[in-house]
Amino acid sequence: MLAHKSFRLGEFKLSSGGTSDYYIDCRATTLDAKGSRLTGEVFSDEIRRRGWKPQAIGGLTMGADPIVVAVSVVSGKVHGFLVRKAEKQHGTGQRIEGFREKGARVVIVDDVCTTGASTVQAIEAAREFGFEVVGVMCLVEREEAKGRPNVEKAAAPAPFVSIFTARDVRAEHVSQMDDTAPVVFAVAASCEVCGRPAVTNAPRNRCAVHQN
């Protein structure tokens, strides 16, 4: 689903200021009805497998928002919180929204990790509030711009886990493109099996009867 809905090839400017020949918009998947359920399941399964036992899950708005909600709904017991990019200038002025229990075990999540800046902000804000960060997760790791070392340094001693890498998603995207590529029709060619007019030359000249 990430490969089909979220991955695009082209020339893109990233939030980090760099450029890339591909772009991954995870929200096209995490906000999809089926994609939301699958996101909640895969994060919940990984959290359970690692034995982190968090009371809540959260991250920097807005990449983390659909992941947080999905995990909370699917798990039925892990609460959610969101980290504002800056403290709001009205009301209580708080930066952490939602679950707010100091000392609670929490997992920090993000959709894409490139430089890791948004993930690091969420880690720092969570610890500043008084949470105990027991794990950090992202849906797709781009494996560039020192994202992993930046997050690992900020998260330590908590581990950093990525569900997929950009290479995983790219490979699946290319595979899907190959599977849906249009048939290449032969022009003025004959079937190599029976001599009838060929309807395809991919991979060999074949008529309608022998094309498969």
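## Strand pairing and the sheet

G59 stands opposite L82 in β4. The model is predicted. Strand β3 (residues 56–60) and strand β4 (residues 79–83) run parallel, and 5 bridges pair them. Both belong to an open sheet of 6 strands, ordered β5-β4-β3-β6-β7-β8. Pairing in this sheet is mixed. Its edges are β5 (96–98) and β8, each of which pairs on one side only. From one strand to the next, the twist averages 25 degrees.

## Overall make-up

The protein chain has 7 helices and 8 strands. It holds 212 residues, and 43% of them count as buried. Among contacts with a separation of 6 or more, 59% link residues 24 or more positions apart. The accessible surface is about 11500 Å². Carbon and sulfur atoms account for 52% of that surface.

## From β7 to β8

β7 and β8 are parallel and share 5 bridges. E141 stands opposite T165 in β8. Between the two strands, the chain passes through helix α6 (residues 147–155), and the β-α-β crossover is right-handed. α6 lies across β6, β7 and β8. Its direction is at about 155 degrees to β8.

How much of β8 is buried? Of its 6 residues, 5 are buried, so the strand is mostly covered by the under 20% criterion.

## Two nonpolar cores

In soluble globular proteins, nonpolar side chains tend to be buried together. Here the largest nonpolar core has 26 residues. I24, F43, I57, V107, V109, M137 and V140 have the most contacts inside it. Helices α1 (2–6), α3 (33–50), α4 (65–75) and α7 (166–179) each supply at least two of its residues. So do strands β2 (19–24), β6 (105–113), β7 (132–141) and β8 (160–165). The largest share, 4 residues, comes from β7.

A second core lies apart from this one. It has 25 residues, including F81, A122, F129 and F131.

## Two valines, V140 and V133

V140 is among the residues with the most contacts inside the largest core. Beyond its neighbours within four places in sequence, V140 touches L2, I24, C26, D111, V112 and C113. Its other contacts outside that window are F164, T165, A166 and V169.

V133 is found in strand β7. Is this residue buried or exposed? V133 has a relative accessible area of 8%, and therefore counts as buried. Setting aside neighbours within four places in sequence, V133 is in contact with V106, I108, I123, A126, R127 and A158. R105 is 28 residues away from V133 in sequence, yet their C-alpha atoms are 6.0 Å apart.

## Unusual backbone geometry

Most residues other than glycine have a negative phi, and most peptide bonds are trans. Which residues in the loop between β7 and α6 depart from the phi pattern? A145 has a positive phi of about 55 degrees. K146 has a positive phi of about 60 degrees. Neither A145 nor K146 is a glycine. A145 is partly exposed, because its relative accessible area is 43%. K146 is exposed, because its relative accessible area is 63%.

Cis peptide bonds also occur in two loops. T61 to M62 is cis, with omega near 10 degrees. M62 sits in the loop between β3 and α4. The bond joining A156 and P157 is cis too, with omega about 10 degrees. P157 lies in the loop between α6 and β8.

Conventions
Residues numbered from 1 in each chain as written. Predicted model: local features only at pLDDT ≥ 70, side-chain atom pairs only at ≥ 80, totals over all residues. Heavy atoms only, no water. Core = buried A, V, L, I, M, F, W, Y, C linked by side-chain atoms within 4.5 Å. Buried < 20%, exposed > 50% of the residue type's maximum accessible area, 1.4 Å probe, protein only. Contact = heavy atoms within 4.5 Å. Pairing = 2+ DSSP bridges. Right-handed = clockwise from strand over helix to strand, strands pointing away. Areas by Shrake-Rupley, 256 points an atom, 1.4 Å probe, with all protein chains shown as cover. Axes fitted to C-alpha atoms, helices over the stretch in contact; angles between N-to-C directions.
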